[in-house]
Amino acid sequence: MTETTTPVAVRRLLDAFPGEGKAAEFRGQWRVDLPRERVLDALRLLRDDPDLAFDFLNDVTCTDHPDEEPRFRVVWTLTSLSRGDRIRLAARCPEEDPVVPSAVPLWAGANWLEREAYDMFGVRFAGHPDLRRILMPGDFPSFPLRKEFPMEGERSDREWARWVIERARRPEEAAGPASAPAPAPGERAP
Amino acid sequence: MAGGIAGGGTGSRITPVHVGEFQEEGGFVLTSVDSIINWARKNSIWPLPLGLSCCAIEFMATAASRFDMARFGAEVARFSPRQADLMLVAGTLTYKMGEACRRLYDQMAEPRWVIAMGACAASGGMFRSYPVMQGIDHIVPVDFYIPGCPPRPEMVINALIQLQGKIEKESPVRQILRRPAPVAAAGAGAGAE
């Protein structure tokens, strides 16, 4: 990485959070790693700065690195529709405290993306208005895209069949728990 | 239409027999109740298409004019289980969707039949993974399995014809007589006779 080729957006981020950011490049695609406390400020800077204008949130997703510490890396992919530029923002969070700030206050579209990341990895988004599972059933006990989760699942077909028939008979109970476990008091964004 | 009833029930024990001749408004046909019920049922199988993935596209082809399921009286796809005779599960059934599948089956009036169309509905297909049910027969009884990924429309029609054959061999009268009498609701109608 040479300083001359670093895009403006990456440099702005590194300057805004001195000593905290780490930039990485792969085939012309840039990623900036930040502590999770800085992510919301960084997203706001990227969106609202008229020179950067990253106005579109492509995706919020997660990767699992069981051998590393902290274990999870949450990734935000942004596009500037006016400039045709892209950037990725990433933040790590540990397994014991898998919480990152929610981007819903900045992009309403982050709602379902974050629900999917929560559903698959168990990463919680502090400040999300309605953090429920979105793909798996509400009472599903595991997070299927974590590396330790077996490909073929944990329940046998017989158990699943019993579960399906039970729920089909009593639809009013089928919704499962209304919401994810409530975040700890200090967790919610103001 | 004169003589419209003749020819039903080729496989049934008692074939319909013409006696006399159809006149303008009169005439009659002698047959067994089983034959006439089976004849009506097998020629009006209204499917409830549970189109869950690519097999549903092939089902649409089966219903459209080139293959034309209407030739077998099965063109009236009903999206209400109350009006359907055949649940045609076309595609990958996830456990979460299995709940809806089972509830639809429970809501269908008897007689009802089920066809598992395609490898996924029959066995889970290539998806040996955590959300996919390994064959719909874990939650509903299946009459016919159609292999293929997806099956050709001819195979769907073949299953339909085989289902007609199965319906022909049923004994609806015996089934109705064997059905337990409905239990009167408490307090209602007690001592009415």
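Helices (H or I, at least four residues) and strands (E, at least two) are DSSP runs, numbered from the N terminus. In the predicted model, chain B follows the order β-β-α-β-α-β-α-β-α-β-α-α from the N terminus on, with six helices and six strands. The model is predicted, and local features need pLDDT of at least 70, side-chain atom pairs count only at pLDDT 80 or more, and totals for chains, interfaces and linings use all residues. Residues are numbered from 1 along each chain as its sequence is written, chains are lettered from A and ligands numbered from 1 in the order in which they are written, and side-chain values use heavy atoms, with hydrogens and water left out.

Of the 193 residues of chain B, 41% are buried, where buried means under 20% relative accessible area, exposed over 50% and partly exposed in between (1.4 Å probe, protein chains only). In helix α2 (residues 55-63) of chain B, the buried residues are Cys55(B), Ala56(B), Glu58(B), Phe59(B) and Thr62(B). Seen down the axis of α2(B), these residues lie within an arc of 155 degrees, so they line one face of the helix; the arc is that of the directions from the helix axis to the C-beta atoms.

The largest nonpolar core (a set of buried Ala, Val, Leu, Ile, Met, Phe, Trp, Tyr and Cys residues joined through side-chain atoms within 4.5 Å) has 68 residues, of which Trp76(A), Leu89(A) and Met87(B) touch the most other members. Helix α3 (residues 110-121) of chain A gives the most to this core, with six residues. A second, separate core of 21 residues includes Cys55(B) and Phe59(B).
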